[in-house]
Structure formats: C-alpha cells, structure tokens
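This report concerns the structure displayed below. It is intended to be read with the sequence and the coordinates at hand.

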Amino acid sequence: MAITHLKHGKPEADRAEDDAKTAAVVAAVLKDIEQRGDTAVRELANKFDGYDRDSYRLSQDEIDALIAKVSPRDLEDIKFAQAQVVNFAQAQRDSMLDIEVETMPGVILGHKNIPVQSVGCYVPGGKFPMVASAHMSVATAKVAGVPRIIACTPPFNGEPNPAVIAAMHLGGAHEIYVLGGIQAVGAMAIGTETIAPVHLLVGPGNAFVAEAKRQLFGRVGIDLFAGPTETMVIADETVDAEMCATDLLGQAEHGYNSPAVLVTNSRKLAEETLSEIDRILEILPTAATARVSWDDYGEVILCNTYDEMLAVADDIASEHVQVMTDRDDWFLENMTCYGALFLGPRTNVSNGDKVIGTNHTLPTKKAGRYTGGLWVGKYLKTHSYQKITTDDAAAKIGAYGSRLCLLEGFVGHAEQCNLRVRRYGGQNVPYGEAAE
C-alpha cells in the first residue's frame, strides 16, 4: 500500500499521557462525591461552574420562566429538530419486537424488550450550549419508555441556558439539574442525599465527563466510551477543497483536541484543502479553538486507490465520516468501522449533529470497531424467558440436560433436570446419575 501522510497529528503517546492525568483527577473527585454527597457536589459546582443555589434541581416554575425566554422561532426550530429525532427513534423502536416461539412441542422460548428504569442524561454546555444533545438523549429515552429520566447541564454564562432547558423539558425529562462536569455525572451515578442514583448514564461531554463515565461503568451502565469529537472526510476530485476544508473545520471547533482527518486519492485536492484550511482559519470566529485542534490533531492522508482509502478509514474508525466520492454507496456497502456515515456533498455532519434525526452521540477513539452510537435500543434490555408446558417436553429436555450437566461435572445442576425426569417422565433415575 502506498499511503502518504501529508500532515500528521499529535503522537499517540502524548495523548495517553493526557488521558492518565485526567483519570487521576476524575478518580479523586468521584471518591469525594461518594464520601460527602451533596456537600462535595456543591463545592465542585461552585469551583468549576461558578454556580451556587439551595437546590440544583429546577422547579417547574423556573423551567417555565426559562422557556418563556426562548424566542418563538428558536422554540419552533427546537420542536422541529426534536420531532425528527423522535420520528427516527420511534421507527427504530418499532423494529425491535418481543418474540415468543415454540421450538419443539411443549417448549416455549421468548424475549421481552424492557426499558431501563432510570437514566441520567448529560447535556454539555461549557463552550457551547448543546441544545441538540437534549434531543439525542432525553427524547430518545422517552421513546424507549424509560420511566425516570433526569438531565444535567452546566450553567452557560452563569445561568441555565433557556434553549437547553426547553429542549430537555420538551424531550421528556422528569428532573432537570443545573450541574456540569464530573459532579453532574458522579451525582447521577453514585447518588447523593437529594439525587437518587440512576441505572444508566448517557450523553457526550468533555474529557473529564468521558473519563467519569468510563470509571463509573459497572456501577451503572453507559451508552458508550467516548472521547473528543472526531471527523473524517473521504473525498476524491468530485468535490473541491472549500467543501473539504469546511467540513473538517466544522468539527474541529468543538474543542482543542478534536481530530479531523482528510483521506483522499488526489494530491491536488489534498494540497488545495491544506491551503483552504489556512484561509478559513483567518476568518472563522471560532478559529482560536479550531486552529489548535487542526494543528495538533489534524491529518491529511494520501492514498493511491479507493481500496486503500477504505482500509485507512476502517482502521481509524472515526466518529463522523463524510464521504464525497464518485462511489459513495460503495463505501456504505463496504465500510465496517465508524460512528456514522454522511454520504454525498449535499449531506453534512452538522445536519446529523443538530436536526436530521439520527443520533449524534457516537463512538470515538476507535470504539466504532465494536459498537454503534446511542439509539433507542441502548435504553432497552432484552430479557429472555423459558416455559415448558407438557410432561413429555419436561422429561425429554430434562434427560438431555442431565447428561450434559454431568458431562461438565455439575451434579447439582443434573439433579434439577433429574427431578423433572422422575416426576414428569416416570423414570427412576438414581440420585447423581445421568438420565437415560
């Protein structure tokens, strides 16, 4: 394979060192929340959010007052976006069927899809108020039928962001807290004197939120392991450098460590995109953030063939993959590792982030190799059940079970089967021996 890096990102070793420092901070904070509950949460909220109040949970009157501050146009846009997310989530939910089958006479097997009983939805708001994240987590949980949905978001410029609160409320949150960062995630998962713990944590966040979710996994469920926003553009000469540069920088502005990667088989497009990125960074209002991400984490990878482009893309397994080539459907058919695909120049990641209807909470750091993103199915647990309804079936299955248990040396297991063989099959099976 003849693959050339025209631009490299920060070495993996440097990234690992950053991750280790974050992990140590998060572990200490979570331990403090576990030991001191609301007192620790309040101190952390004061320190990191600059926000103090008697209760961090918003009352219904406060929610109503905040929603009243949202302009009619903004409120209509929020409702439109939320409707798209709900419609797609409902279609996904409808595809998940409970089943019951009779696998042999008298043996009935099935499964039920049962909603998680409580979920904590984190909606980021440090640099930008992430209105869309409320649709993705809260509204989708409502479609799944989760009976208790709580949502946390940090204050924005010292106060709850009205649009975020509106999206949370309209999405179906039962409890809304103005809390950010590790203290929000820790309070939801561990619980405090005033916040009952949840069974599942979902939603994106900064490196500290992502690490807190990782450390809390096992105590609670999580949607996925997530890191900084990632984007990849797979392009050939069917598109121009302005479009490639715009799509790369559109995600690089998320934070200071958001990887953006161009994979192309056109040296001309690669070089022109590098120049176009320099031009746009001179006029982009968020360039102070996007430039750092691009300088430290941006990559341009030149390949000879489409097969090489595919192999590189699957190896990187980026969160967002914008495909703009003369064979977009070929990539759809053949790509196996990614968060979400955005196919064709008319499509873009921002639409997926904000309004089109697919969920924007997606796997990063190569997690697309083993999981997809947040969707209605993440809020559902598929539980199986079994039922034997005839004596003949009880005796027949019991005999097989008896022999297979003893094959493994489990005498107590075998006796569960033997008891049924004796009672329902009329066979005199000696204790601890295999049924005929």
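The sections that follow treat the overall fold, the nonpolar cores, the aromatic contacts, a pocket and two individual residues.

## Overall architecture

The model is predicted. The protein comprises 436 residues, of which 50% count as buried. Its secondary structure amounts to 16 helices and 14 strands. Measured by its principal axes, the C-alpha trace spans about 85 × 60 × 45 Å.

Contacts between residues distant in sequence are well represented: among those joining residues at least 6 apart, 72% link residues at least 24 apart.

## Helix α7 and the nonpolar cores

In helix α7 (residues 181-190), ten of the ten residues are buried, and the helix is therefore largely enclosed by the rest of the structure. The buried residues include Ile-182, Val-185, Met-188 and Ile-190, together with the polar Gln-183. Just after α7, Gly-191 adopts a positive phi of about 90°.

The largest nonpolar core contains 68 residues, and those that touch the most other members are Val-119, Met-168, Leu-179, Leu-201, Leu-216 and Tyr-379. Helix α7 supplies the largest share of this core, with seven residues. In soluble globular proteins, nonpolar side chains tend to be buried together. Leu-201 illustrates the contacts: residues up to four places away in sequence aside, Leu-201 touches Gly-120, Val-185, Met-188, Ala-189, Lys-213, Leu-216, Val-220, Gly-221, Ile-222 and Asp-223. Another core lies apart from the largest one; it has 21 residues, among them Leu-248, Leu-249, Leu-281 and Ala-290.

## Aromatic contacts

Four aromatic pairs are present in the structure. In one of them, the ring centres of Phe-217 and Phe-225 are 5.6 Å apart and the planes stand at 80°; the pair is therefore edge-to-face, since the angle is over 60 degrees. Both partners are partly exposed: Phe-217 has a relative accessible area of 48%, and Phe-225 has a relative accessibility of 33%.

A further pair is formed by Tyr-306 and Phe-331, whose ring centres lie 6.5 Å apart with planes at 65°, so this pair is also edge-to-face. Tyr-306 belongs to helix α12 (residues 306-316) and Phe-331 to helix α13 (residues 328-334), so the pair ties together parts that are 25 residues apart in sequence. Tyr-306 is buried at 15% relative accessibility, and Phe-331 is buried with a relative accessible area of 0%. Together with Trp-330, Tyr-306 and Phe-331 make up one aromatic cluster.

Charged side chains also meet aromatic rings. Arg-327 lies over the face of Tyr-306, at 3.6 Å from the ring centre. Likewise, the charged end of Arg-403 sits over the ring of Tyr-400, 5.0 Å from its centre.

## The second largest pocket

The second largest pocket has a volume of about 350 Å³. It is lined by 19 residues, and the closest to its centre are Gly-339, Ala-340, Thr-358, Asn-359 and Leu-362. Two or more lining residues come from each of α4 (72-94), β13 (340-343) and α14 (349-354). Strand β13 gives the largest share of the lining, three residues.

## Two buried residues: Gln-82 and Thr-229

Gln-82 is located in helix α4. With a relative accessible area of 7%, which is under 20%, Gln-82 counts as buried. Outside its neighbours within four places in sequence, Gln-82 is in contact with His-135, Ala-139, Ala-167, Leu-170 and Gly-171.

Thr-229 is found in the loop between β8 (221-222) and β9 (231-235). Thr-229 has 14% relative accessibility and counts as buried. Leaving out residues up to four places away in sequence, Thr-229 touches Gln-251, His-254, Ser-258, Pro-259, Glu-319 and His-320. The C-alpha atoms of Thr-229 and Pro-204 are separated by 9.1 Å, although these residues are 25 residues apart along the chain.

Notes
Residues numbered from 1 in each chain as written. Predicted model: local features only at pLDDT ≥ 70, side-chain atom pairs only at ≥ 80, totals over all residues. Heavy atoms only, no water. Phe/Tyr/Trp six-rings, centres within 6.5 Å; stacked < 30°, edge-to-face > 60°. Buried < 20%, exposed > 50% of the residue type's maximum accessible area, 1.4 Å probe, protein only. Helix = DSSP H or I, 4+ residues; strand = E, 2+ residues; numbered from the N terminus. Lys NZ or Arg CZ within 6 Å of the ring centre and 35° of its normal. Core = buried A, V, L, I, M, F, W, Y, C linked by side-chain atoms within 4.5 Å. Contact = heavy atoms within 4.5 Å. 1 Å grid on protein atoms, 1.4 Å probe; cavity = no way out; pocket = protein on both sides within 12 Å on 5 of 7 lines; lining within 4 Å. Points joined across faces, edges and corners; volume = space filled by probe spheres on them.
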